[in-house]
Amino acid sequence: MKMKTIKLSVLACAALMTGFISCRDDNNSNNLPPVSKTDSIAAAFSFRQPFTYFSFKTGTTVSATDSATTKWDFAFRFVNIIVNSHASGPGNVGVITQNGIYENYMQAPESGYAYDTTTTKLAINAKDRDPNAWYLYDPTVHALTPKAGTFFVFRTTDNKYVKMEILSVTTDVPFTNPIPPTTIWYKFRYTYQPDGSRNF
């Protein structure tokens with residue numbers, strides 16, 4: 001009888017410990033710290049070349065051969081930025097162009113996200129000389145500059161939240177060079193929340 005009682009006690013303790021560990025793991029998975037990075041990627045200085053695709057989850061570029069998948073979140077080409085939704089891809093990535101101080105922005109909205117509804121109506125405005133475009137263009141020196149105080153809030157393909165700010169835009173050769181640029185470099189920073197919450 002005593003042996004049976006001891007066995008039952010051991011089993012009960014094991015069950016309690018398993019439950020405790022499971023709860024602890026679940027809590028950890030729901031309270032992961034945001035991932036903040038600064039990165040640079042190259043894109044084509046041409047409307048005729050493929051886009052350069054990027055995944056916030058992996059923090060890396062994605063092959064153009066995967067453009068018809070949900071492996072990427074956004075992509076650069078010249079001044080255009082597309083997101084993986086509707087006309088641009090099979091995902092459901094939404095984005096909000098936000099004005100304010102990047103460091104002080106601590107929570108993504110629940111709604112209000114825009115999508116690439118058509119090839120001419122993209123979520124991020126990149127139209128030349130449009131006052132609502134994400135960049136400024138100086139025709140005297142042919143320079144592209146990200147608008148100060150403008151950044152983007154994404155809801156990704158796997159329903160995570162990210163804030164991203166483009167820091168600079170440069171080309172492989174100056175505009176004044178006899179040979180025009182072929183590559184445009186985007187330097188950007190982002191904060192990715194892997195636990196699915198909207199908090200940064």
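# A tour from strand β4 outwards

Select phenylalanine 54 and then phenylalanine 74, its bridge partner in β4. The model is predicted: local features need pLDDT of at least 70, side-chain atom pairs count only at pLDDT 80 or more, and totals for chains, interfaces and linings use all residues. Residues are numbered from 1 along each chain as its sequence is written, and side-chain values use heavy atoms, with hydrogens and water left out.

**The strands around β4**

Now show strand β2, residues 52-55, together with β4. The two run antiparallel and are joined by three bridges. (Strands are DSSP E runs of at least two residues, helices H or I runs of at least four, numbered from the N terminus; two strands pair if DSSP finds at least two bridges between them.)

Stay on β4, residues 74-77, and turn on the side chains. Phe74 and Phe76 point one way, while Ala75 and Arg77 point the other way. Are these four buried or exposed? All are buried, a term for under 20% relative accessible area, with exposed over 50% and partly exposed in between (1.4 Å probe, protein chains only).

Next add strand β5, residues 80-83, which pairs with β4 in the antiparallel sense over four bridges. Phenylalanine 76 has isoleucine 81 as its bridge partner in β5. β4 and β5 form a hairpin with two residues between them. In that turn, select phenylalanine 78, whose phi is positive at about 50°.

**The open sheet**

Select five strands in the order β1-β11-β10-β9-β6; they form an open sheet with antiparallel pairing. β1 (35-44) and β6 (94-99) stand at its edges with a single partner strand each, so one side of each has no neighbour in the sheet. β1 runs antiparallel to strand β11, residues 183-193, and 10 bridges join the two. To find a place in this pairing, select valine 35, which stands opposite tyrosine 192 in β11.

**Two loops**

Most residues other than glycine have a negative phi. Go to the loop between β7 (135-138) and β8 (143-146) and select histidine 142. Histidine 142 is not a glycine, yet its phi is positive, about 55°. Its relative accessibility is 34%, so histidine 142 counts as partly exposed.

Move on to the loop between β9 (150-155) and β10 (161-171), where asparagine 159 lies. Asparagine 159 also has a positive phi, about 60°, without being a glycine. With 48% relative accessibility, asparagine 159 counts as partly exposed.

**Empty space**

Where is the largest pocket lined? Select Asn80, Ala114, Tyr115, Thr117, Thr120, Lys121, Leu122, Ala123, Ile124, Asn125, Ala126 and Lys127. About 210 Å³ of space lies in this pocket. On a 1 Å grid over the protein atoms alone, a pocket is an open set of points with protein on both sides within 12 Å along at least five of seven lines, a cavity is a set where a 1.4 Å probe fits but cannot get out, and lining residues have an atom within 4 Å of a point. A volume is the space filled by probe spheres on points joined across faces, edges and corners.

In the whole structure, a search finds one cavity of 30 Å³ or more. For the largest cavity, select its lining: Trp134, Pro146, Lys147, Thr150, Phe152 and Ile166. It holds about 40 Å³ of space.

**The whole chain**

Finally, select everything. The chain contains one helix and 11 strands. Along the sequence, the pattern is α-β-β-β-β-β-β-β-β-β-β-β. The chain has 200 residues, of which 36% count as buried.
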